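Visitor: Please take me through a close look at one part, the packing of helices, and explain each term as you use it.

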Amino acid sequence: MAKRKQRRGTTGSEAHYEDGRYYDQAYRRRRHDVRFYTNLATESGGPVLELGAGTGRVALAIAKAGIDIVAVEPMAPMLDQARQRLGRLPRAAQDRIELRAGSLERLRLRRKFPLVIAPFNVWMHLYTRQEIERGFTTVRHHLEPGGRFAFDVLLPDPVSLARDPSKQYRGGEVPHPRDGVRYRYSEYFSYDPVAQIETIMMDFEHPKKKDQSFCTPLTQRQLFPAELEALLHYNGFVVESHTGDFDGKPITTATESQVIIARARRATP
Ligand SMILES: C[S@@+](CC[C@H](N)C(=O)[O-])C[C@H]1O[C@@H](n2cnc3c(N)ncnc32)[C@H](O)[C@@H]1O
């Protein structure tokens with residue numbers, strides 16, 4: 001891979017989430033999960049707690065459906081974008097959302113919720129067992145007795161994880177909302193099989209000015225299905241369903257996202 005300016009460090013998710021407008025552009029067609037979480041929210045009657053709310057992609061839809069939601073997000077650029085989007089909603093929907101800055105790991109609100117959600121790979125940004133377990137403690141702390149925790153993470157794909165790290169996967173041209181330039185986009189993948197962390201290097205090559213080219217790393221903890229169920233079990237959860245791709249179907253090797261609904265085995269103080 002050509003040497004590129006890296007936007008922040010080489011691990012973690014910060015670089016990928018430092019431009020909320022780019023995030024919304026990149027994932028504008030992702031709608032099936034929004035419907036899934038909005039239905040769960042409506043079923044619960046609310047209020048809902050969303051951990052890792054990003055630009056409000058899911059939270060705004062839930063508020064528009066008439067359900068109160070507290071949306072927590074640590075990255076300021078993502079929250080700024082969420083605030084801008086929120087400003088464009090009808091007043092009644094705006095009043096249903098509380099946006100809060102912060103990490104899910106140490107979040108302690110003095111409230112309980114019938115539904116806690118963490119949509120779209122949030123749990124893949126908890127890299128160690130300790131971080132994952134702190135996340136589960138946060139969820140249990142905020143669940144009402146009998147309440148549900150719903151989240152999704154990618155299903156690890158052994159073939160993809162074995163990709164050659166030096167191989168370039170071209171993705172066509174991508175207009176960047178920051179400067180309107182159409183960058184030549186490509187990706188490189190590498191995988192640490194011990195830490196179970198995949199690093200995706202997203203390479204943006206400027207068509208004319210090489211010094212304006214840059215690359216953003218995105219690291220994701222891979223959570224294998226049986227490992228995830230064991231972690232949930234040993235952290236006080238009962239798995240209600242563990243299915244594929246938001247339509248309730250069993251997980252197969254063709255599944256992209258594993259979708260979990262769990263309940264706390266016992267209440268926490
Ligand atoms: C792929 S985005 C999903 C955002 C949103 N849930 C959605 O569905 O569009 C993952 C989000 O997790 C957030 N995140 C990463 N680590 C986190 C942590 N420790 N606590 C809370 N959110 C975190 C990121 O900042 C990012 O906004």
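Guide: Helices (H or I, at least four residues) and strands (E, at least two) are DSSP runs, numbered from the N terminus. This is a predicted model, in which local features need pLDDT of at least 70 and side-chain atom pairs count only at pLDDT 80 or more, while totals for chains, interfaces and linings use all residues. Residues are numbered from 1 along each chain as its sequence is written, and side-chain values use heavy atoms, leaving out hydrogens and water.

Helix H2, residues 32–44, packs with helix H3, residues 57–64, at an angle of about 45 degrees, and their axes are 9 Å apart (lines fitted to C-alpha atoms over the stretch in contact, with angles from 0 to 180 degrees between N-to-C directions). That angle makes H2 oblique to H3, as under 35 degrees counts as roughly parallel, over 145 as roughly antiparallel, 65 to 115 as roughly perpendicular and the rest as oblique.

On the H2 side, Asp-33, Val-34, Tyr-37, Thr-38 and Ala-41 meet Arg-57, Val-58, Ala-61 and Ile-62 of H3, contact meaning heavy atoms within 4.5 Å. By class, this contact of H2 with H3 has 6 nonpolar, 1 polar and 2 charged residues (Ala, Val, Leu, Ile, Met, Phe, Trp, Tyr, Cys and Pro are nonpolar, Asp, Glu, Lys and Arg charged, and the others, Gly among them, polar).

Following the chain, the loop between H2 and strand S2 (48–51) holds Pro-47, and the peptide bond leading to Pro-47 from Gly-46 is cis, its omega near -5 degrees. Arg-57, which belongs to the H3 side of the contact, is also among the closest of the 19 residues that surround the ligand, each having a heavy atom within 4 Å of it.
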